[in-house]
Amino acid sequence: MQLSVSSHAKSNFATLFTPLNLKRIIKYLFVALVFAGRFSAAKAQALDPSVIECLDLAPNGNATLTWSIPPDPSNQFVAYHVMESVNMGGPYVEVGLVPAYLTNSFLHNTALPLANSVHYFTITESFDGVNTFFSNPSDTICTMYLDVTVSSNPLGYANLDWNAPYPVDYIPPAGAQYEVWMEFPAGTWTMIQNLPYGLSFWSYEISICSAFLNFRVDLVLPGGCTIESNADSDSFTDLTYPQPPVVTSVSIDSQNGDAVINWIPPPSGDTQGYIIYECVNNIPVILDTIWNAATTQFIDLTANSVIGQVSYAVAAFDTCYTGFPPSPNTSPADCKTSLHLATNIPYGICDDYIAFSWQGYEGWDSGTDIHIIYHAFLPTGAVGQPVYAPLDTVPGDIFNYVHQNMPVDGLNYYYIEAVAAGSGYRAQSNAVGVTTPYPTPSSYFYLASVNVLSNDLIEIKIDMESVNWTQNYNLQRYDEETLQWMDVINISNMNGNSALAEDSDVSADVFSYSYRFIVTNMCNDVLDTTNIGTSILLVGVENTSRVVNILNWSAYDGWTNGVEKYLIHRSIGEYGTDQVIANVSGSVLAYEDDVSGLLYTPGQFCYTIEAIERGANVTGRINSSNSNLLCLSQDPKIWIPNAFIVGGVNDTWRPVISFADFTAYKMIVYSRWGDVVYETDDINAPWDGTMNGKVVQEGAYAYYIYLEDGKGKAYENRGYVVTLINND
């Protein structure tokens, strides 16, 4: 139903709007005519006029007036005179005389049809019983006459027209209002509307299909006075449709994509239900009918909200069927269109943002005030529905957004909520999930070892959990001069649990080096900085007098649990067979190798130190790390016999040499006359005491021995050897 209020008054009430000064002149002229000859300059002190407080009109036309009692300090009151006229300007006829001063009401019991026209009343008092003077009349009050007609444009309304009971200059007390009453069904009166004092016209939308309706209007004043109009009636038919429902939103359920249409029911009391339309190209097509006026929501389970905006309209219909063929009165329906968040949102694996846009809501007269962006995130492998929270707010004329530094390695969900300007109505878009894969890093990175391969090459090993993404490992070496970490080499690894890097710009036999890895993924995001690994530097010296090699080394540094022990490796010669000759505690950094039992070796001993990690690390493995190779050479030890017996036990002669690692050798034996008796450059070829196949004579023979070791050091020996002949 629709309430229509007009302030125009019917023409037969035009006199109510006469200017105040003219009205007063007419009234006083009337009083002068009625009471001509009754006044005198010598009259007694005049009484104040009464104030009419209420006019109660009974259904049979009888009227009861109620007034205030004026003060009478001189006790001159004679009677109240109740005057009536069908015109405000008179003439007025006395219809009642109330002689009792304390009586303040009068019942006008008459056969006149007071309910069918407007009747005006005023009261004056007579006083001074000798000369009978009259007071000024009270203000005028009139009956309320109600005229009810059937509307013609538009159809379907009852037009109520009435007059005010008080003059136009009347100032009503606070709270004064009209009550509109309707009798339906017969014998049952119901108040249907409150209206402020000052109105005299109102239209009532007919919500009853066809009926004879009776109306009245009451003026209700504070203090208990109610002035009723007459009752007027007519035959009415409901020819109007209900007011359209206010569609507050067309939203999309973020969980399942259903379209949810919400509306406010119309105020029309005869609404029976609603017709739900789906708008196709802005043309409403009936989707469903709801036979419940209290319903405020419809869910379209078939909405295809993924591909674009969806549009709906809602119309209200009443219980009255009209037309040919008969159909219910149905309101207009306007299409309202949902928000739509674009589904083709691009994302690159290393992007640090997600950019998206949407189509705005269509249907609010006041437009959209703001857009609220909602966001939820489900990590990879998580289960359950996303839980949304507001991410940001943009003005209503903005239709795109960039989410910077969003979480990755999962699903980022978004939907948009529009908020209407003024009303605050809200509508949300479809939800869109964006897969944001991220190169999952290894759960650990561990610098496992720093191995010296040669004096100019060090190998550094890193262990990691095997993953399906390429990871980059930037090897850095600490520079003792600049006190900075310097880049050495960058390597990559995928699907492996270890990787090797080499540093060739080293002097591993002179310095110890510290390394670490900076690990990044394919997006150049730093994943980790490993532990530091420091190479072992081995140094040593030969003690030829004691026939020992003394070894010292720097500690291997970097393992989580430290060094369990050091293994001492030795080979005879650089390319000899490697053997572990001893092990020491991880806290020991020196070792003395007694080589006196190896006199008959070439005398060169090569060593490496191998550090063993204490216990398994985060990888579950135990690592080792080797030092540089250190080779030490004992000086040769030469013993030359001074005699031998030809044909005896020791029947040959040559020098006895320990740690013989020679590159040159010569031995010459001379006779006393300087002749060369024997000459050889084979250290293993002794002199047997003969010359040209014949045994020499017994005697002393001079010798000269020259040798040069592997280091290029020369040794010369001269002397005499005595030959003896065994003749047995």
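Biologist: Are C279 and C335 buried or exposed?

Modeller: In this predicted model, a disulfide joins C279 to C335, with 2.0 Å from S to S. C279 lies in strand β20 (residues 271-280) and C335 in the loop between β24 (327-330) and β25, 56 residues apart. As for their surroundings, C279 and C335 are both buried.

Biologist: Which hand does the disulfide of C54 and C225 have?

Modeller: The sulfur atoms of C54 and C225 are 2.0 Å apart, and the two residues form a disulfide. The torsion about their S-S bond is about 90°, so the disulfide is right-handed.

Biologist: Why does C142 not bond to the closest cysteine sulfur?

Modeller: A disulfide requires cysteine sulfur atoms within 2.5 Å. The closest cysteine sulfur to that of C142 belongs to C225, and it is too far for a bond because the separation is 13 Å.

Biologist: Is C631 buried, partly exposed or exposed?

Modeller: C631 forms a disulfide with C606, their sulfur atoms 1.9 Å apart. C606 is buried, with a relative accessible area of 1%. Buried means under 20% and exposed over 50%. C631 has 29% relative accessibility, so this residue counts as partly exposed.

Biologist: With which side chain does the side chain of T337 make a polar contact?

Modeller: T337 is in strand β25 (residues 336-337), and at 12% relative accessibility T337 counts as buried. Leaving aside residues up to four places away in sequence, T337 touches Q309, V310, S311, Y361 and E362. The polar contact, at 3.1 Å, is with the side chain of S311.

Definitions and conventions. Residues numbered from 1 in each chain as written. Predicted model: local features only at pLDDT ≥ 70, side-chain atom pairs only at ≥ 80, totals over all residues. Heavy atoms only, no water. Helix = DSSP H or I, 4+ residues; strand = E, 2+ residues; numbered from the N terminus. Buried < 20%, exposed > 50% of the residue type's maximum accessible area, 1.4 Å probe, protein only. Contact = heavy atoms within 4.5 Å. Polar contact = N/O pair within 3.5 Å; in protein donor to acceptor, adjacent residues only side chain to side chain.
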